[in-house]
Amino acid sequence: MQERASELDRARSALRLRLAGAALGLSLLVLSNGGARESAGAAVLAYTIGAILIRFGVARGVVPLATIGIVLDVIYASALTSSLASTEPAWALYAFAIANASQRWGAWGAVAATAGAVAAYDIVLGARSPDARASDLWPIQVILAIGLLCT
């Protein structure tokens, strides 16, 4: 009984973290001046729907929901980072993926999510290679620091 209650608490807190990430993404979208705003809006909407489906809509035990949730978090952060202008701090959304992973699996979850976040951010920077500057690499250090703190 205690184990089930703690699992429900983890699921509730994961949903709250994801909704906070969606709120931050929406705020960045509203405040942005450039980029592909339509695709960023679609990413926020899809992420919110995905977070709710993971929490309520998918049958328990059918799929590893926590793993799907972490992948969803990293893809969402990557989608907004690549959609919004390079001057927007959308890379901060990777912190939500790291926080959710560490809340679910502890230190190993934080390490895995940090590695995924750094790899995904590198891919986003590679896709932006004509516009990328050397100063665009400093968020990787911040992502690593967030991962270390969560670990």
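Trainee: Why is D73 called buried?

Mentor: In this predicted model, D73 has a relative accessible area of 1%, and since buried means under 20%, the residue meets that description. D73 lies in helix α3.

Trainee: What makes the link between the side chains of D73 and N100 a polar contact?

Mentor: The side chains of D73 and N100 come to 3.1 Å of one another, and because a polar contact requires a pair of N or O atoms within 3.5 Å, the value satisfies the cut-off. Apart from neighbours within four places in sequence, D73 is in contact with R18, Y47, F96, A97 and N100.

Trainee: Why is G69 described as buried?

Mentor: The relative accessible area of G69 is 0%, and that is to be set against the limit of under 20%, so G69 counts as buried. Like D73, G69 is found in helix α3. With residues up to four places away in sequence not counted, G69 touches R18 and I54, while its C-alpha atom is separated by 8.3 Å from that of G50, which is 19 residues apart from it along the chain.

Trainee: R18 appears among the contacts of D73 and of G69; which residues of α1 are buried?

Mentor: In α1 the buried residues are A11, A14, L15, R18, G21, A22, G25, L28 and L29.

Trainee: How do you know that the length of α1 agrees with its number of residues?

Mentor: At 1.5 Å a residue, the 30 residues of α1 should span 44 Å, and because the C-alpha atoms at its ends are 44 Å apart, the two values agree.

Trainee: Why are α1 and α4 called roughly antiparallel?

Mentor: These helices, α1 and α4, pack at an angle of about 175°, with their axes 10 Å apart. Because angles over 145 degrees count as roughly antiparallel, α1 is roughly antiparallel to α4. On the α1 side the contact is made by E7, R10, S13, A14, L17, R18, A20, G21 and L24, and on the α4 side by F96, A99, N100, Q103 and R104.

Trainee: What makes up the largest nonpolar core, and which helices supply it?

Mentor: The largest nonpolar core has 31 residues, and those with the most contacts inside it are Y76, L80, L84, L93, Y94, Y121 and I143. At least two of its residues come from each of α1, α2, α3, α4 and α5, and the largest share, 13 residues, from α4. Leaving aside neighbours within four places in sequence, Y94 is in contact with V74, A77, S78, T81, A117, A120, Y121, V124 and I143.

Technical notes: Residues numbered from 1 in each chain as written. Predicted model: local features only at pLDDT ≥ 70, side-chain atom pairs only at ≥ 80, totals over all residues. Heavy atoms only, no water. Core = buried A, V, L, I, M, F, W, Y, C linked by side-chain atoms within 4.5 Å. Buried < 20%, exposed > 50% of the residue type's maximum accessible area, 1.4 Å probe, protein only. Helix = DSSP H or I, 4+ residues; strand = E, 2+ residues; numbered from the N terminus. Contact = heavy atoms within 4.5 Å. Polar contact = N/O pair within 3.5 Å; in protein donor to acceptor, adjacent residues only side chain to side chain. Expected span 1.5 Å × (residues − 1). Axes fitted to C-alpha atoms, helices over the stretch in contact; angles between N-to-C directions. Parallel < 35°, antiparallel > 145°, perpendicular 65-115°, else oblique.
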